[in-house]
Amino acid sequence: MHGILVIADGLGGRPTDTKEGKTCLEAAKTLALDELARQGALGLVDPIGPGVRPGSDTAHLSLLGYDPYEIYTGRGVFECLGIGMDVRADDICFRANFATVEARKGEYIVTDRRAGRIDSGQQDLARALNEIEPDAPGVTFEFRASTQHRGALLLRGSGLSRHVGENDPHATGKAALLFEPLDGSEEARRTASALNELVEKSHAVLGEHPVNVARASDGQAPANYILARGAADCPDIPSIESMYGVRGAVIAGGALYRGVALACGMTSITVPGATGGLDTDLRAKAEAAARALEDYDYVFVHMKGTDNAGHDQDAAAKTAFIERIDAEFFTPLLEKVDMAMTHLAFTGDHTTPIDFGDHTHEPVPVLFAGPNVMPDCTEAFGEREAGRGGLGRFSGRVLPMLLGYNNWSPKFGS
Ligand code: ZN
Ligand code: ZN
């Protein structure tokens, strides 16, 4: 047997998404998903729990079967893992990015939080950063650039703490913050001071770097500052393989989602054209997912475009992306996969309604299909139909349910 878990980020919507009172998912033409709904069963899943407004990282942990209240330490560690950094037990990890600042009266005023969405030269800048020698004794660090302005920062050394704030003011025209210790510990104080020193030195290195000199002369925003947030250390997560005895692969364009899956013991498969955006190559992902099942027991595929369109408050883009998921991912996938030997689950990690433009608490439709799934009476995939679905309403744990249909679950008790 094989398992396929597909999560479309921010899939869920509200009746206010469209003028007709339909959610984007309900408005989208989804022939393949509607057919799967007829064959299988639907329900509503509260990604973390009823009334909890999820972040993507905590929601994914919960859908994969973990208790985020118990294991979540922060986002940074998943960003570091997701871009391929070697994270060790006591490392302190951050989500980081290049930004543009102007020095004014001893402060650094952030003029562009994304350094003009820089799209070349980031690796050169990262290399220059990594040559900085920190003053703090016994502390080393690594900055890794990923796409555009994005990256991750890892601090290594004994006596460090994740209980530090961030230096991102989350607005342009404001001064970059200093990292502050969030508790009274010596470790937090030492970590904050190492970070402040590092950022100060990085501004000097970046400011005079040839990449930025060239950007400035082209009238582009120089990537002359590092903003870091989401401090986290490595959570103690038992692997899915250790609990269920099966091996999984992840296909995700976004580093965060790859990082969560890697932390749970999955292996990442890189798919050229998987961008983590609305322009992602969904056919390539479908092909890679089908191929992954030759080597792995199950595969987890993540798509980000739905959430991006939700944050952009663009109903047409969200609906169009859902239609692409149906036509360019599920349709070719179902031609390649033997559904008599496969269970499939499709859901979102939270609702991202158009009117609000951010994550909200509502449950998300979930679909299960495959030979052991008791069919219900639903005939289309959407929020209202899912509310009538045979699976009812439950919280998280979609991957354990999927693995359970394949008879891979350990028994609780005797
Ligand atoms: Zn999300
Ligand atoms: Zn989001």
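In this predicted model, H170 sits in the loop between β6 and α7 (186-207). Its backbone is a bit out of the ordinary: H170 has a positive phi of about 60 degrees, and yet is not a glycine. For context, most residues other than glycine have a negative phi. With a relative accessibility of 43%, H170 comes out as partly exposed, because that value falls between the 20% and 50% cut-offs. Q313 tells a similar story from another loop, the one between α12 and α13 (315-336). Here phi is again positive, at about 55 degrees, in a residue that is not a glycine. Q313 is also partly exposed, with 43% relative accessibility.

Next come the metals. The zinc ion (ligand 1) picks up its protein donors from D9 (OD, listed twice), S56 (OG), D349 (OD) and H350 (NE2), at distances of 1.9 to 2.8 Å. Along the chain, these donor residues follow the spacing D-x46-S-x292-D-H. D9 belongs to the loop between β1 (2-8) and α1 (24-27), while D349 belongs to the loop between β11 and β12, so this pair ties together parts that are 340 residues apart in sequence. Both of these aspartates are tucked away from the surface: D9 is buried at 0% relative accessibility, and D349 is buried at 0% as well.

The zinc ion (ligand 2) lies 4.5 Å from the zinc ion (ligand 1). Its coordination comes from D307 (OD, again listed twice), H311 (NE2) and H359 (NE2), at 2.0 to 2.7 Å. The geometry around the zinc ion (ligand 2) counts as irregular because its four donor atoms subtend angles of 52 to 138 degrees; a tetrahedral label would need all angles between 85 and 135 degrees. The donor residues of the zinc ion (ligand 2) have the sequence spacing D-x3-H-x47-H. D307 is in helix α12 (residues 305-311) and H359 is in the loop between β11 (342-347) and β12 (364-369), so together they tie parts that are 52 residues apart in sequence. D307 is buried, with a relative accessible area of just 1%, and H359 is buried too, at 10% relative accessibility.

As for open space, the largest pocket holds about 1,200 Å³. It is lined by 41 residues, and those closest to its centre are R75, R95, R150, K304 and N308. Two or more lining residues come from each of α3 (56-63), β3 (92-104), β6 (150-156), α10 (255-263) and α12. Of the contributing elements, α10 gives the most, with four residues. The lining of the largest pocket breaks down into 17 charged, 15 polar and nine nonpolar residues. At least three lining residues come from each of domain 1 (2-72 + 235-405) and domain 2 (98-232).

The second largest pocket has a volume of about 150 Å³. Its lining includes G65, Y66, D67, E70 and I71, along with P238, M243 and Y244, and then R397, P400, S409 and P410. The elements that supply two or more of these residues are α4 (68-71) and α9 (240-244). By class, the lining of the second largest pocket has seven nonpolar, three charged and two polar residues.

Note on methods
Residues are numbered from 1 along each chain as its sequence is written. Chains are lettered from A and ligands numbered from 1 in the order in which they are written. This is a predicted model: local features need pLDDT of at least 70, side-chain atom pairs count only at pLDDT 80 or more; totals for chains, interfaces and linings use all residues. Side-chain values use heavy atoms; hydrogens and water are left out. Donors are N, O and S atoms within 2.8 Å of the metal (3.2 Å for Na, K and Ca); water is not among the atoms, so sites may look incomplete. Four donors count as tetrahedral if all angles lie between 85 and 135 degrees; four count as square planar and six as octahedral if opposite donors are over 155 degrees apart and all others between 65 and 115; anything else is irregular. Buried means under 20% relative accessible area, exposed over 50%, partly exposed in between (1.4 Å probe, protein chains only). On a 1 Å grid over the protein atoms alone, a cavity is a set of points where a 1.4 Å probe fits but cannot get out, and a pocket is an open set with protein on both sides within 12 Å along at least five of seven lines; lining residues have an atom within 4 Å of a point. Grid points are joined across faces, edges and corners, and a volume is the space filled by probe spheres set on the points. Ala, Val, Leu, Ile, Met, Phe, Trp, Tyr, Cys and Pro count as nonpolar, Asp, Glu, Lys and Arg as charged, and the others, Gly among them, as polar. Domain bounds come from an automatic or database domain assignment.
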